[in-house]
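Hi there,

Here is the structure I promised to pass on to you. Have a look at it first, and then read on for what turned up.

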Amino acid sequence: MLLGVVSDTHGHVKNTLDAVRMLESFDVQMVLHCGDIGSVGIVPLFSQWPTHFVLGNVDYNEEELKDTIEQTGQTYHGRFGDVKIDGVRVALIHSDDQRKFRETIASGQFDLVCYGHTHKAEYHREGSTLVLNPGAVYRATPHSIAVVELPSLEVTIVRI
């Protein structure tokens, strides 16, 4: 299964559409959004996949985002998501709360921790946990997303 991971769209529709086209080209089956969605106009752009959303530190319109995510049939997790996908336990967090972020990684309960906030694509292992930041769809150079093969956890960072 291919999982698309995006973050930090910041309400920027053009860049998000570029990210969506890239996800289509990889034929992903599900998408995770790691926060800083930015506006409700971003949510329906991911409607072709089951998409899980968490909030970031600039998602001030929390109730409006929650309602839009739920109305489009997507999954709203608030500030932290814990999902099982293809036998892989995944945490979804923006990482602006560094204490919660570090605790999540250190817990050893997750196979994959996906996060945003830093606008820098990177991935590394901490014990048995793969920690992944897909980079940012907006306010980054370069703009990027990630594609993860499940259950093997092979990561590809993709420039958009």
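Two strands count as paired here if DSSP finds at least two bridges between them. By that rule β2 and strand β3 (residues 51–53) pair, since they share three bridges and run in the parallel sense. Please keep in mind that this is a predicted model.

**The sheet**

That pair belongs to an open sheet of six strands, with mixed pairing and the order β4-β3-β2-β1-β10-β11. At its edges are β4 (75–76) and β11 (154–159), each of which pairs on one side only.

On to β2 and its other partner. Strand β1 (residues 2–6) runs parallel to strand β2 (residues 30–33), and four bridges join the two. Within that pairing, Val-6 has His-33 of β2 as its bridge partner, while Val-5 stands opposite Leu-32. The path of the chain from β1 to β2 goes through α1, and this β-α-β crossover is right-handed. His-33 turns up again in the pairing with β3, where its bridge partner is Phe-53.

Which way do the β2 side chains point? Met-30 and Leu-32 go one way, Val-31 and His-33 go the other way, and all of them are buried.

Helix α1 (residues 13–26) lies across β1, β2, β10 (144–149) and β11. The helix runs at about 25° to β10.

**The cores**

The largest nonpolar core has 22 residues, and the members that touch the most others are Leu-23, Ile-37 and Phe-46. Two or more residues come from each of β1, α1, α2 (62–71) and β10. The element that gives the most is α1, with three residues.

What does Leu-23 touch, leaving aside its neighbours within four places in sequence? The contacts are Gly-4, Val-6, Val-28, Val-31, Phe-46, Trp-49 and Ile-145. Apart from this core lies another one, of 20 residues, which includes Cys-34, Val-54, Cys-114 and Leu-150.

Val-31 deserves a paragraph of its own. Its place is in strand β2, and with a relative accessible area of 0% it falls under the 20% limit, so it counts as buried. Outside its neighbours within four places in sequence, Val-31 is in contact with Leu-3, Gly-4 and Val-6, with Leu-23, and with Phe-46, Trp-49, Pro-50, Thr-51 and His-52. If you would like a distance to check in your viewer, Val-31 and Asn-61 are 21 Å apart in space, C-alpha to C-alpha, and 30 residues apart in sequence.

**The salt bridges**

Now for the charged side chains. Those of opposite charge can pair when their charged atoms come close. How many salt bridges does the structure hold? There are seven.

One of them joins the side chains of Arg-79 and Asp-96, at 2.6 Å from N to O. This pair links distant parts of the chain, 17 residues apart: Arg-79 is in the loop between β4 and β5 (80–85), and Asp-96 is in the loop between β6 (88–93) and α3 (98–106). Arg-79 has 37% relative accessibility and therefore counts as partly exposed. Asp-96 is partly exposed as well, at 28%.

Glu-103 and Arg-99 form another, with 3.2 Å from N to O. These two are four residues apart in helix α3, so about one helical turn separates them. Are they buried or exposed? Glu-103 is partly exposed, at 42% relative accessible area, whereas Arg-99 counts as exposed because its relative accessibility is 61%.

Arg-102 forms a salt bridge with Glu-126, and their closest N and O atoms are 2.9 Å apart. Here too the pair links distant parts of the chain, with Arg-102 in helix α3 and Glu-126 in strand β8 (residues 122–126), 24 residues apart. Arg-102 counts as partly exposed at 38% relative accessibility, and Glu-126 counts as partly exposed at 27%. Finally, Lys-14, Asp-18 and Arg-21 are joined into one network by salt bridges that share partners.

Happy browsing, and best wishes!

How values were computed. Residues numbered from 1 in each chain as written. Predicted model: local features only at pLDDT ≥ 70, side-chain atom pairs only at ≥ 80, totals over all residues. Heavy atoms only, no water. Contact = heavy atoms within 4.5 Å. Axes fitted to C-alpha atoms, helices over the stretch in contact; angles between N-to-C directions. Core = buried A, V, L, I, M, F, W, Y, C linked by side-chain atoms within 4.5 Å. Buried < 20%, exposed > 50% of the residue type's maximum accessible area, 1.4 Å probe, protein only. Right-handed = clockwise from strand over helix to strand, strands pointing away. Salt bridge = Lys/Arg side-chain N within 4 Å of Asp/Glu carboxyl O.
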